[in-house]
Amino acid sequence: MRRILTIDGGGIRGLLPASLLATLEDAVGEPVVDYFDLIVGTSTGGIIALGLGAGISAASIRDFYLAHGPSIFSGSRTPRSIRHLAVGKYRADGLRHALDDTLADTRLGDSTTRLVVPSVNLENGEVHIYKTAHHPRLERDYKERMVDVALATAAAPTYLPTYRTTGGVPLIDGGLFANNPVGLAVVEAIGVLDWPRRELQVLSLGCGAEPLGVRLARSRNMGRLYWAPKVVSVFMSAQSSSSLGTAQLLAGHENVVRINPLVAPGRFRIDRTAEMISLSGLGETQARAALPALRDAFFNEKAAPFVPERT
């Protein structure tokens with residue numbers, strides 16, 4: 001079997017899957033990265049994926065969120081309503097410094113497993129997907145610093161500024177393309193890596209799902225004022241459903257495990273650090289409940305060592 005781990009985007013809510021993985025790692029007694037042949041993460045999930053690939057323990061990644069979350073999402077004195085109209089809500093300095101402290105000069109080519117981390121190119125509207133050198137035609141990305149890849153995939157519009165590569169390419173949050181990257185992961189496994197679809201075992205981790213909160217009776221004839229605060233959540237929910245359906249269709253429903261607990265509306269906003277301890281606890285609870293089934297499906301045998309095409 002080929003085992004795949006995918007992690008959604010979600011800002012500080014990434015603490016939920018990070019805590020879940022830390023709990024699993026503690027139970028297994030070995031680094032969780034050793035059990036997966038491919039890890040795909042978007043935005044905050046991309047940061048987790050990069051950390052795992054860099055050899056950082058899941059517990060240390062969880063602690064990264066707890067330690068640096070408040071500084072990454074520290075507000076400004078500019079009133080929120082005015083700031084959102086003019087510039088992003090936060091500067092990238094907090095995230096950059098936290099990533100520098102954690103990942104330093106580690107390159108994508110240093111990863112101990114195959115990684116896929118998406119972003120979006122604002123210049124041409126195309127997806128820009130960073131990948132380890134796990135195929136002969138992947139010739140450049142392995143040289144990229146993990147810090148830069150993380151800044152690109154996490155550059156969420158209205159929250160963090162656009163990331164520019166050293167060559168001047170403007171990149172933003174991969175969540176605009178694949179906030180739930182499980183479909184992308186299965187396509188990579190089958191279409192690029194040529195792994196047999198029936199030999200795939202996929203673990204897809206979300207950052208908590210909220211009810212849409214759309215009142216059908218009102219939505220039929222409502223305009224911008226009604227839809228403006230709701231359209232993003234509708235878009236994200238539809239993308240996640242499509243991505244999960246793609247993965248299940250290609251790999252088989254029985255081979256895709258999705259963990260994404262329902263949470264109270266508005267409680268865990270992507271930049272709300274006041275609920276970090278609760279997020280961490282929710283991740284631990286989810287891991288404890290799922291552990292028996294996950295142990296049999298994902299943690300009974302380590303993955304074969306990853307040998308990249310380029311180093």
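Just after helix α2 comes G55, a residue whose phi is positive, near 90°. Since this is a predicted model, read that angle, like everything below, as a property of the prediction. The helix that G55 follows spans residues 44-53, and it is a good place to start the tour.

How many of the residues of α2 are buried? The count is 10 of 10, so the helix is mostly covered, where buried stands for under 20% relative accessible area. If you would like to select them in your viewer, the buried residues are T44, G45, G46, I47, I48, A49, L50, G51, L52 and G53.

Some of these helix residues also border an internal space. Rolling a probe the size of a water molecule over the atoms shows where empty space is left. Here the search comes to 1 cavity of 30 Å³ or more, and the largest cavity has a volume of about 60 Å³. Which residues line this cavity? They are I47, I48, G51, I56, I61, F64, L99, T102 and L103. Helix α2 supplies at least two residues of the lining, and so does each of α3 (58-72) and α5 (93-103). By residue class, the lining of the cavity divides into 7 nonpolar, 2 polar and no charged.

The second largest pocket has another make-up. Its volume is about 320 Å³, and 14 residues line it. Nearest the centre of this pocket lie Y130, R140, E144, T165 and T166. What classes do its lining residues fall into? There are 3 nonpolar, 4 polar and 7 charged.

Now let us turn to the strands, with β7 (residues 200-205) as our guide. This strand is mostly covered, with 6 of its 6 residues buried. In a regular strand the side chains alternate between the two faces of the sheet. Both faces of β7 are covered: one side carries L200, V202 and S204, the other carries Q201, L203 and L205, and all of them are buried.

Which strands does β7 pair with? One partner is β1 (residues 2-7), which runs parallel to β7 and is joined to it by 6 bridges. Within that pairing, L5 stands opposite L203 of β7. Another partner is β8 (residues 256-259), paired with β7 in the parallel sense over 4 bridges. For a landmark there, look at V202, whose bridge partner in β8 is V256. Viewed together, V202 and L203 belong to opposite sides of β7, and following their partners takes you to V256 in β8 and to L5.

How values were computed: Residues are numbered from 1 along each chain as its sequence is written. This is a predicted model: local features need pLDDT of at least 70, side-chain atom pairs count only at pLDDT 80 or more; totals for chains, interfaces and linings use all residues. Side-chain values use heavy atoms; hydrogens and water are left out. Buried means under 20% relative accessible area, exposed over 50%, partly exposed in between (1.4 Å probe, protein chains only). Two strands pair if DSSP finds at least two bridges between them. On a 1 Å grid over the protein atoms alone, a cavity is a set of points where a 1.4 Å probe fits but cannot get out, and a pocket is an open set with protein on both sides within 12 Å along at least five of seven lines; lining residues have an atom within 4 Å of a point. Grid points are joined across faces, edges and corners, and a volume is the space filled by probe spheres set on the points. Ala, Val, Leu, Ile, Met, Phe, Trp, Tyr, Cys and Pro count as nonpolar, Asp, Glu, Lys and Arg as charged, and the others, Gly among them, as polar.
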